[in-house]
Each structure stands twice: as C-alpha cells, then as structure tokens.
Amino acid sequence: MRSKVTVIGAGNVGATTALRISQLGYTDVVLVDVVEDLPQGKSLDMLEAGPVLGTDSNITGSNGYEESADSDVVVITAGIARRPGMSRDDLLLTNMKITSSVTEQVVKYSPNCIIIAVTNPLDAMVQNVFETSGFPRNRVFGMAGILDTARFRTFIAQELDVSVEDVQALVLGGHGDDMVPLVRYTSVGGIPLSELMAEEKVEELVRRTRGGGGEIVALLKEGSAFYAPSAAITQMVEAVLLDKKRILPCCAYLEGEFGINGLCVGVPVKLGAGGMEKIMEIALTEDERLALGHSAASVQELVEVMKKAKAEG
Ligand code: APR
C-alpha cells in the first residue's frame with residue numbers, strides 16, 4: 001500500500017518539501033495551509049509535473065485536515081517569519097500558538113503518525129509539538145542537524161576540492177548560533193578533518209556553519225533557506241518510510257542522555273520505521289560537553305518563556 005505524508009504549511013519550505021517527497025514516487029502527499037487556495041494551487045501544479053517526471057504520486061492541497069487523515073508521517077513547517085519590530089519572544093509565542101493548533105489537528109486525524117517539526121525557533125517548537133501531541137518521544141522529532149551538517153559538509157568539500165559524498169560530519173545542540181559542530185567526529189573518506197585542514201581554517205568553516213541560515217537570509221533579503229532544508233526533511237521522511245535505520249543528527253527529546261533531561265536538542269539518532277528509534281549517546285570531551293550544555297541552556301530559556309505564557313493563558 002502507498003504511504004501518505006502530510007506537509008503542513010505550503011510556503012517555501014513546505015511546498016518544496018512536498019515536491020521532493022512526491023518525487024520519491026512511492027508515497028502520496030497532502031499539503032495543508034490556512035491560506036485559501038494556496039495549497040490546492042501548488043499541489044495541482046506539482047501533480048501536473050507527474051506525467052513529465054514519471055511519478056504517479058497523488059498530491060492534494062487542502063485548507064483542512066480531513067484529507068490528511070491517517071498519514072504515516074506529518075511534517076510541520078507552518079509558522080510566520082520574524083517581521084521588523086517583532087521581538088524574538090513575539091515570534092516564539094506566535095509560532096508556539098500556530099504549532100500547538102496544528103499539532104492538535106494532526107493528533108486528531110493521524111493518531112499513529114510520526115511528526116517531524118521544522119518551524120523555527122526549531123528546538124523550542126519541537127518541544128511544544130512533542131508536549132502538545134502527547135505522543136511518545138520516538139514519534140516526534142525535528143529537522144535541523146542534517147541541514148547544519150550539510151552546510152558544514154558543503155564548506156569542507158569546497159575548501160578541500162573533494163566530493164561532498166566523502167565528507168562526514170556531526171553537529172549537535174540547538175539550531176542556533178551556539179550549535180556545536182563536532183570537529184573530532186568530522187572526516188573525509190575516513191580521514192579525520194584535523195589531518196587535512198589547519199585548525200584556523202576549520203574554525204572559520206565552523207563559524208560559517210553557525211551563521212549558515214543568516215548568510216542565506218542576508219542574500220535572499222526576503223524569506224529564509226528552503227532548498228537545503230527541504231532536502232534534509234526528505235531524507236528524514238525516507239529514512240522512516242523505508243525503515244532505513246539511518247544515523248542522522250535530529251532534534252529529539254532527551255531523558256538524561258548527554259546529561260540533559262526533559263529538553264529537545266540536536267543529537268545523533270537512529271531513524272527507521274519506528275521514528276526516532278534510538279539516541280546514539282557518544283562520548284564527549286569536557287569542552288564539547290560544556291558547549292552542548294550552553295546550547296541546551298539557550299533552548300531551555302525559550303522553553304521557560306513558553307511555559308510562562310501557557311501558565312498565564
Ligand atoms: N496552519 C497551516 N499553515 C499555516 C498556519 C497554520 N495555522 N499558519 C501559517 N501557516 C502557513 C503560512 O500561510 C505560510 O504559507 O505557513 C507557511 C509558512 O511559509 P513561509 O512563510 O514561506 O515560511 P518557510 O520559508 O516555508 O518556513 C517555514 O520553516 O525553516 C523554518 O524558519 C522557517 O519557521 C519557518 C518554517
């Protein structure tokens with residue numbers, strides 16, 4: 001039987017993700033957005049590419065959730081971007097409300113699905129979706145680490161003039177300026193990066209990776225990255241639908257792993273049919289532990305702001 005993936009939010013990230021997933025060819029896609037006719041128009045356009053591309057995937061657009069019923073995977077990209085004059089907390093609380101209401105509908109119509117959250121601020125939104133859903137942690141996680149890692153891998157491949165395929169990297173922590181690229185776990189064709197690149201150059205690439213999202217925003221002037229994010233989401237969806245048992249960095253709810261309890265942050269996990277099947281707890285140096293702790297503390301701050309807002313109703 002064909003699987004079914006719903007993408008909530010038909011903006012840049014959502015629509016590009018829907019297109020990529022439909023092109024996998026083995027799953028149907030439902031695209032949902034609050035803007036009237038937008039998901040219907042975009043999905044019809046994608047559907048009409050099918051005969052040319054040779055994909056039979058059905059793509060449906062909707063302003064409601066009935067069509068999304070019994071999805072295997074639901075990707076949440078719904079949200080607003082930060083507008084001029086808007087504080088970080090305003091954005092946090094607006095997207096919290098959006099992701100809460102979306103999650104309630106998702107749970108109602110697809111009680112057995114796996115949810116991949118993408119809305120920013122990422123780690124806080126994953127936490128909100130996880131708590132709102134009431135799902136076990138293996139069925140709610142977020143996309144950030146694959147994107148951050150892909151940026152780091154891109155810069156390394158460019159610098160060394162090697163194939164991106166041979167560059168392996170790992171980025172931990174929150175999806176923010178204090179993410180933790182683990183240079184010790186980064187290699188090129190099995191060769192540790194430190195053997196191939198001077199420390200200062202590595203540091204420069206780490207800095208560029210940390211600012212990777214901002215670099216795109218500055219270039220686009222309007223909106224944020226969506227080609228690389230949608231590729232990362234698609235990789236996660238495929239790992240689940242094909243039960244690939246991929247080891248990928250994702251934002252997951254930790255219960256004591258890495259010394260962090262009750263918080264969603266980026267860590268290496270195993271993705272398969274069961275969703276986030278395992279957290280790969282690796283040994284960290286003191287510096288790496290401190291950096292991860294610092295990154296987790298930034299996420300915790302946002303979670304506290306959300307908690308306070310919820311308590312005040
Ligand atoms: N239900 C469904 N869709 C919604 C809702 C809602 N309650 N609220 C907003 N949306 C839709 C908007 O109508 C819009 O079409 O979410 C879409 C967001 O699209 P864009 O503004 O183009 O944003 P995009 O670039 O796709 O990013 C989406 O992913 O990477 C993150 O930071 C990014 O949080 C942002 C999210």
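Start at the interface of domain 1 and domain 2 in this predicted model, where two salt bridges are found across the boundary. To see where that boundary runs, colour residues 3-142 as domain 1 and residues 145-307 as domain 2, following the domain assignment of the protein chain. The centres of the two domains, taken over C-alpha atoms, are 22 Å apart, and the contact draws on 36 residues from domain 1 and 39 residues from domain 2.

Next, select Arg-137 and Glu-255 and display their side chains, which meet in a salt bridge with an N to O distance of 3.4 Å. Keep Arg-137 on screen and add Asp-123 and Gln-127, since these three residues together supply 22% of the area that domain 1 buries against domain 2, more than any other three residues. Between them the two domains bury about 3,200 Å², and 71% of this area lies on carbon and sulfur atoms. If you turn on polar contacts between domain 1 and domain 2, the count to expect is twelve residue pairs, with both residues of each pair at pLDDT 80 or more.

Now hide domain 2 and look at the side of domain 1 that touches it. The elements that give two or more residues to this side are strand 1 (3-8), helix 1 (12-22), strand 4 (73-76), helix 4 (88-109), strand 5 (114-117), helix 5 (122-133) and strand 6 (140-142). Select helix 5 among these, as it provides the largest share of that side, namely eight residues. Colouring the touching side of domain 1 by residue class shows 20 nonpolar, ten polar and six charged residues.

From helix 5, step back into the loop between strand 5 and helix 5, where Pro-121 is placed. Zoom in on the backbone here, for the peptide bond that joins Asn-120 and Pro-121 is cis, with omega at about -5°.

Bring domain 2 back and move to helix 6 (residues 145-160) and helix 7 (residues 199-210), which carry Glu-159 and Lys-201 respectively, two residues that lie 42 residues apart in the chain. Their side chains meet in a salt bridge of 3.7 Å, N to O, and the structure as a whole holds eleven salt bridges. Continue to Asp-161, in the loop between helix 6 and strand 7, and check its backbone torsions: phi is near 55°, a positive value in a residue other than glycine.

Follow the chain onward to strand 7, and finish with the sheet to which this strand belongs, an open sheet of three strands in the order 7-10-11 with antiparallel pairing. Strand 7 (167-168) and strand 11 (191-192) stand at the edges and have a single partner strand each, so that one side of each is left without a neighbour in the sheet. Select strand 10 (residues 187-188) together with strand 7 to view their antiparallel pairing, which extends over two bridges. As a last selection, show Gln-168 and Ser-187, the latter in strand 10, which stand opposite each other.

Technical notes: Residues numbered from 1 in each chain as written. Predicted model: local features only at pLDDT ≥ 70, side-chain atom pairs only at ≥ 80, totals over all residues. Heavy atoms only, no water. Pairing = 2+ DSSP bridges. Helix = DSSP H or I, 4+ residues; strand = E, 2+ residues; numbered from the N terminus. Domains from an automatic or database assignment. Contact = heavy atoms within 4.5 Å. Buried area = accessible area lost by both parts, 1.4 Å probe. Salt bridge = Lys/Arg side-chain N within 4 Å of Asp/Glu carboxyl O. Polar contact = N/O pair within 3.5 Å; in protein donor to acceptor, adjacent residues only side chain to side chain. Nonpolar A, V, L, I, M, F, W, Y, C, P; charged D, E, K, R; others polar.
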